[in-house]
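Here is a friendly walk through one protein model, with stops at its empty spaces, its aromatic rings and a few backbone details. Please keep the structure open as you read.

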Amino acid sequence: VMLSCSLRMCHVFMLVLHLSKSEDFNWAKNDHGSFYYGTFPAGFSWGVGSSAYQTEGAWDRDGKGMSIWDVFSHRQGKVQHNETGDSSCDGYYKVKDDIALMKELKLSHYRFSISWPRILPTGIKSNHVNEKGIKYYDDLINVLLENKMTPIVTLYHWDLPQTLQEKFGGWQNISMIGYFSDFAGLCFERFGNRVKHWITFSHPWSVAVEGYETGKHAPGMQMKGSGAYRAAHHIIKAHARVWHMYDSQWRSKQKGIVGISLTADWGEPVDILDQKDVEAAERYVQFSLGWFASPIFNGDYPQVMKDFITKKSAQQGLTTSRLPTFSSQEKSYIKGTSDFLGIGHFTTRYVTQKNIPAINSPSFYSDRDLAELVDPQWPDPGSEWLYAVPWGFRRLLNFVKTQYGNPMIYVTENGVSEKAMCTELCDKWRIQYYKEYINELLKAIKDGVNVRSYTAWSLLDKFEWEDGYSERFGLYYVDFRNKNKPRYPKASVQYYKKIISSNGFPNQREVDSWMRKAMETCSSSNQLLAADPLASHMEMVTEIVVPTVCTLCILLSAVFLMFLLRRHN
């Protein structure tokens with residue numbers, strides 16, 4: 001019998017309404033409940049993803065410098081249970097093991113990030129280049145290529161060198177543009193002969209808002225109403241600088257491409273017939289995705305952001321907008337600086353108009369004049385923010401197609417978590433999530449959206465930022481209590497493998513059989529994770545090996561021990 005995750009976080013921060021489904025985009029049928037059987041275009045690339053701080057561990061080994069997350073997670077009360085990424089999955093020591101897991105899945109690509117302070121300990125190239133850090137990424141790239149997997153490399157996934165934060169204030173300071181450009185140039189120089197797909201920044205919205213507005217993330221700054229906009233302004237300029245550097249110095253030799261990865265929820269109007277709700281829903285998406293995509297594809301911030309923040313700033317007695325401006329030269333320089341657009345997507349919100357008085361203290365959230373809501377019928381495996389709403393994915397992708405000239409899209413993050421208290425290898429809800437979200441992606445391609453690849457998030461359970469290890473996104477379960485950090489495949493591994501080998505969903509009979517076969521690989525005894533800790537790597541790759549005899553012995557031993565203790569007492 002499968003264990004269900006019955007404990008839920010209280011969603012006190014949300015208004016929850018029972019909402020009726022609204023009409024789809026004009027160019028798509030209203031088919032929320034229908035499933036489309038078909039396959040992806042030939043050459044479509046399937047992969048998994050990770051990031052350096054979340055998986056590598058080895059936080060102070062082999063010459064690595066401190067990152068802002070090393071410092072932040074070591075502060076009491078910043079991360080749930082005061083957990084850190086000091087060792088995490090020990091991915092630094094398990095390159096070959098983890099690539100064997102990927103090979104078992106028959107993946108086309110692996111998305112990972114380079115830790116800036118691992119190769120530049122102070123963040124400054126002229127100070128010192130850590131050759132041991134370079135070697136680690138060299139080895140990772142080489143083993144991927146030996147196994148016929150394409151590396152997709154992120155340059156910045158939130159782990160800014162601490163020295164740059166302490167000396168300059170991090171992304172609040174325009175000097176970060178130059179330091180980041182130097183770091184990127186070093187990566188192009190050392191790895192670019194083998195890496196042909198580069199992502200400058202991953203989810204910069206979170207870097208800006210959670211790092212410099214709310215302080216929930218490193219470096220923990222709370223500069224409400226201004227810090228996020230300033231950080232984002234410098235990040236966008238840094239992205240453009242790196243793209244131009246690659247274009248002028250490296251592209252002709254290395255023949256690679258450079259893009260950015262933006263993560264966004266879809267926003268759906270509560271009332272599709274209420275123009276204010278329709279405008280609020282679009283504003284929700286523009287204040288997340290459009291904030292970064294619009295300058296890069298259209299040359300400036302979304303007009304609605306400029307209008308709302310200027311108006312709020314004036315009402316607060318400011319003579320200029322809290323949203324920085326680009327000069328005409330900067331607009332031209334930034335526009336067109338993405339060879340592809342990475343899209344991360346997890347969930348959807350209903351959105352309604354809500355007037356928030358400007359007399360309140362300035363903040364990113366109050367600038368938007370909206371409220372977010374969820375439907376209580378949406379599946380919720382346990383994370384307080386992640387509801388499964390597959391149809392929102394297709395709508396977001398169509399929005400990108402319409403707003404930004406149908407760019408080449410790589411889906412860089414998509415997946416679902418569960419709470420750690422639900423130790424569940426038979427992750428039927430994750431299988432359902434992947435099935436439905438990947439199917440909505442297939443529908444979007446049918447709509448004409450130019451999507452070339454899909455990255456499941458993530459390969460492994462890992463450190464989840466302020467939530468520590470309390471949430472698990474992995475296809476593979478990691479036993480963090482064991483010093484060897486063994487990996488165990490969840491049922492979703494087998495299901496994702498079937499999607500990959502079939503390049504989609506060929507027919508109903510075959511797809512229905514995938515679920516049955518995936519669930520056969522696990523049983524209630526597996527949930528005890530009582531596998532022999534000395535089990536070989538290949539056993540864990542191919543099967544969920546939890547010997548029932550061993551499990552029974554452990555249970556009988558526990559009962560016998562309790563019996564002895566009672567007799568002794």
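## Glu-279 and helix α10

Let us begin with Glu-279, which is partly exposed because its relative accessibility is 42%, a value that falls between the 20% and 50% cut-offs. The model you are looking at is a predicted one. Glu-279 belongs to helix α10. Its C-alpha atom is 8.1 Å from that of Pro-269, and the two residues are 10 apart along the chain.

## The largest pocket

Helix α10 also brings us to the open space in this model. Together with α8 (204-212) and β11 (370-374), α10 (275-298) is one of the elements that give two or more residues to the lining of the largest pocket. That pocket holds about 1,400 Å³ of space. Its lining is made of 38 residues, and those nearest the centre are Trp-205, Glu-210, Lys-216, Tyr-365 and Trp-385.

What is the make-up of this lining by class, nonpolar, polar and charged? The residues divide into 16 nonpolar, 13 charged and nine polar.

## Enclosed cavities

Which spaces are closed off from the outside? The model has five cavities of 30 Å³ or more. The largest cavity has a volume of about 170 Å³, and 18 residues line it. Nearest its centre you will find Ser-50, Thr-55, Gly-91, Tyr-110 and Tyr-136. Two or more lining residues come from each of α1 (52-55), α3 (95-105), β4 (109-113) and α5 (131-146). Of the elements, α3 gives the most, with four residues. By class, the lining has 10 nonpolar, five polar and three charged residues.

The second largest cavity has a volume of about 70 Å³. Its lining includes Tyr-53, Trp-59, Lys-64, Asp-70, Arg-118 and Asp-159. Here the division is five charged, four polar and three nonpolar residues.

## A closer look at α3

Since α3 gives the most residues to the lining of the largest cavity, the helix deserves its own stop. Its buried residues are Val-95, Asp-98, Ile-99, Leu-101, Met-102, Glu-104 and Leu-105. In an α-helix, residues three or four places apart point the same way, because there are 3.6 residues a turn. Just after α3 comes Lys-106, which has a positive phi near 60°.

## Aromatic rings and their neighbours

How many aromatic pairs does the model contain? The count comes to 61. One of them joins Trp-116 and Phe-183 in a stacked arrangement, with 4.9 Å from centre to centre and 5° between the planes. Trp-116 is part of helix α4 (residues 116-119) and Phe-183 is part of helix α7 (residues 176-191), so the pair ties together parts that are 67 residues apart in sequence. Both Trp-116 and Phe-183 are buried. Elsewhere, ring pairs link a cluster made of Phe-40, Phe-44, Trp-46, Phe-393, Tyr-433, Tyr-434, Tyr-437, Tyr-454 and Tyr-496.

Charged side chains join in too. Arg-118, which helps line the second largest cavity, lies over the face of Tyr-136 at 5.9 Å from the ring centre. Tyr-136 in turn is among the residues nearest the centre of the largest cavity. In another place, Lys-253 has its charged end over the ring of Trp-250, 4.7 Å from the centre of that ring.

## The annotated position

Which residue does UniProt list for "active site"? In an unreviewed entry, the record gives Glu-413. In the model, Glu-413 sits in strand β12 (residues 409-414). Is Glu-413 buried or exposed? Its relative accessible area is 6%, so Glu-413 counts as buried.

## Backbone details worth a look

Two cis peptide bonds are worth finding. One runs from Ala-218 to Pro-219, with omega near 10°, and Pro-219 is in the loop between α8 and α9 (227-254). Another joins Trp-457 to Ser-458, with omega about 15°; Ser-458 lies in the loop between β14 (451-456) and β15 (471-472).

Positive phi values also turn up outside glycine. His-81 has a phi near 60°, lies in the loop between α2 (68-73) and α3, and is exposed, with a relative accessible area of 61%. Asn-406 has a phi of about 50° and is found in the loop between α14 (391-403) and β12. With 26% relative accessibility, Asn-406 is partly exposed.

Key
Residues are numbered from 1 along each chain as its sequence is written. This is a predicted model: local features need pLDDT of at least 70, side-chain atom pairs count only at pLDDT 80 or more; totals for chains, interfaces and linings use all residues. Side-chain values use heavy atoms; hydrogens and water are left out. On a 1 Å grid over the protein atoms alone, a cavity is a set of points where a 1.4 Å probe fits but cannot get out, and a pocket is an open set with protein on both sides within 12 Å along at least five of seven lines; lining residues have an atom within 4 Å of a point. Grid points are joined across faces, edges and corners, and a volume is the space filled by probe spheres set on the points. Ala, Val, Leu, Ile, Met, Phe, Trp, Tyr, Cys and Pro count as nonpolar, Asp, Glu, Lys and Arg as charged, and the others, Gly among them, as polar. Rings of Phe, Tyr and Trp (its six-membered ring) pair if their centres lie within 6.5 Å; planes under 30 degrees apart count as stacked, over 60 as edge-to-face and the rest as tilted. Buried means under 20% relative accessible area, exposed over 50%, partly exposed in between (1.4 Å probe, protein chains only). A charge sits over a ring if NZ of Lys or CZ of Arg is within 6 Å of the ring centre and within 35 degrees of the ring normal. UniProt positions are given in the numbering used here, feature names are shortened, and annotations may be inferred rather than shown by experiment.
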